[in-house]
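Student: Could you walk me through one helix and the ligand pocket beside me on the screen?

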Amino acid sequence: MAGCSTDGESSSLSGFTGIAMPTQTSDRWVIEGGFLEQQLQEAGYKTILQYGDDDPELQITQIRSMVDQGVEFLIIGAIDNRSLGEILATAKNRGVTIISYDRLILDTPDVDYYASFDNYEVGVLQAKHILDRLGVQEEGVEGPFNIELFSGSLDDSNSQYFFQGALDTLERYTYSGVIAIPSNETEQEVTSTERWSGAVAMDRMTRLLEDHYEDRELHAVLAPYDGISRGVVYALEDFGLAPGTDEFPVVTGQDAEALSVQFIRDEKGQSQTVFKDTRDLAAVASGMVKSIVNGNDPEVNDLGTYNNGFKFVPSYLLQPVNIDQSNWEEELVGSEYLTVEDVDNAVEPQEF
Ligand code: BGC
């Protein structure tokens with residue numbers, strides 16, 4: 001049976017792997033799809049790589065076709081984390097090992113492993129950037145500083161970890177009144193951004209500005225992902241605020257997308273992102289496949305954080321890195337994740 005270790009005795013598996021990624025409108029998934037294929041093919045395994053265009057039904061169809069073609073492993077970056085139960089049950093019946101990639105698949109017993117980052121820490125880093133930039137922790141600072149909160153897609157379990165990390169970090173300042181949230185929109189549901197869409201975030205930011213900021217200054221926006229951050233920046237610009245000036249709010253992000261890194265470098269509105277080295281994540285997931293093919297148990301480093309409704313899924317978690325104007329070059333160009341040309345020539349991957 002796939003996935004059972006036999007003490008280092010090589011399995012009879014060939015390593016055939018289906019890789020189901022959510023979208024190509026964000027650099028990270030494109031980069032890691034390529035890495036996953038490369039790392040598995042270098043080991044001599046056959047692969048199928050497909051992107052689901054942020055459409056949960058399409059992703060299910062793609063996974064079904066992978067199972068029909070006889071994959072032994074599935075590496076899945078889910079679009080809707082609650083929609084995969086049925087197809088995964090079919091896969092499991094055929095002995096497929098299922099690795100939940102970056103996003104935890106919920107409400108099914110059929111997930112074997114989870115490879116991701118410390119998602120709570122991502123939100124902590126975003127909130128700390130806001131606190132640092134506003135100087136909130138400096139002595140004698142009274143505020144109030146006005147901030148607004150955005151969270152990710154409700155059908156992605158990561159959203160809740162990012163948001164909780166940020167809220168917990170901001171909490172003592174909102175309680176003490178140093179930070180105010182004039183819209184009062186603080187629950188995950190109202191702050192959420194369907195399918196992580198920058199355009200959806202831009203619309204919400206426009207509404208918040210019109211409703212609450214005609215006569216008030218906005219000091220910071222918690223944005224959980226670079227595509228959302230840029231939607232927020234475009235709305236702020238349309239409202240008449242000029243990036244690079246003191247009147248422009250602090251805007252956070254995640255994923256170190258080339259265009260957002262350009263914004264950070266050139267002070268075009270976003271000032272922070274979180275770098276998750278997706279090459280390492282791809283190596284963790286492909287390493288899990290290799291371990292099982294070689295008859296070993298995959299390495300995990302967390303057994304008690306990620307409960308998917310059925311069980312704590314054995315996980316391997318990597319650490320995210322905070323990026324701002326001071327370290328983008330060292331961290332991103334220095335590690336060859338991006339080149340300066342990538343940053344210079346970046347274009348908007350989403351439709352606004
Ligand atoms: C990922 C983030 C990404 C977001 C939108 C999340 O599940 O963890 O890295 O920003 O999806 O693609």
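Here is our conversation about the helix and the ligand.

Tutor: Happy to! This is a predicted model, in which local features need pLDDT of at least 70, side-chain atom pairs count only at pLDDT 80 or more, and totals for chains, interfaces and linings use all residues. Residues are numbered from 1 along each chain as its sequence is written, and side-chain values use heavy atoms, with hydrogens and water left out.

Student: At which residue does α5 bend?

Tutor: Helix α5 covers residues 157-176; helices here are DSSP runs (H or I, at least four residues), numbered from the N terminus. The bend is the angle between axes fitted to the seven residues ending at a residue and the seven starting there. For α5 that angle is about 45 degrees, and the place is Leu-170.

Student: Which backbone nitrogen does a side-chain oxygen of Asp-156 reach at the start of α5?

Tutor: Look for a polar contact, a pair of N or O atoms within 3.5 Å; within protein, one must be able to donate a hydrogen and the other to accept it, and residues adjacent in sequence count only if both atoms are side-chain atoms. The Asp-156 oxygen comes to within 2.9 Å of its partner, the backbone nitrogen of Asn-158.

Student: How much of the ligand's exposed area does the protein bury?

Tutor: Start with the polar atoms: one in the side chain of Asn-158 lies 3.0 Å from a ligand oxygen, and one of Lys-276 lies 2.9 Å from a ligand oxygen. Taken alone, the ligand exposes 310 Å² (Shrake-Rupley method, 1.4 Å probe). The protein buries 99% of that.

Methods. Helix = DSSP H or I, 4+ residues; strand = E, 2+ residues; numbered from the N terminus. Expected span 1.5 Å × (residues − 1).
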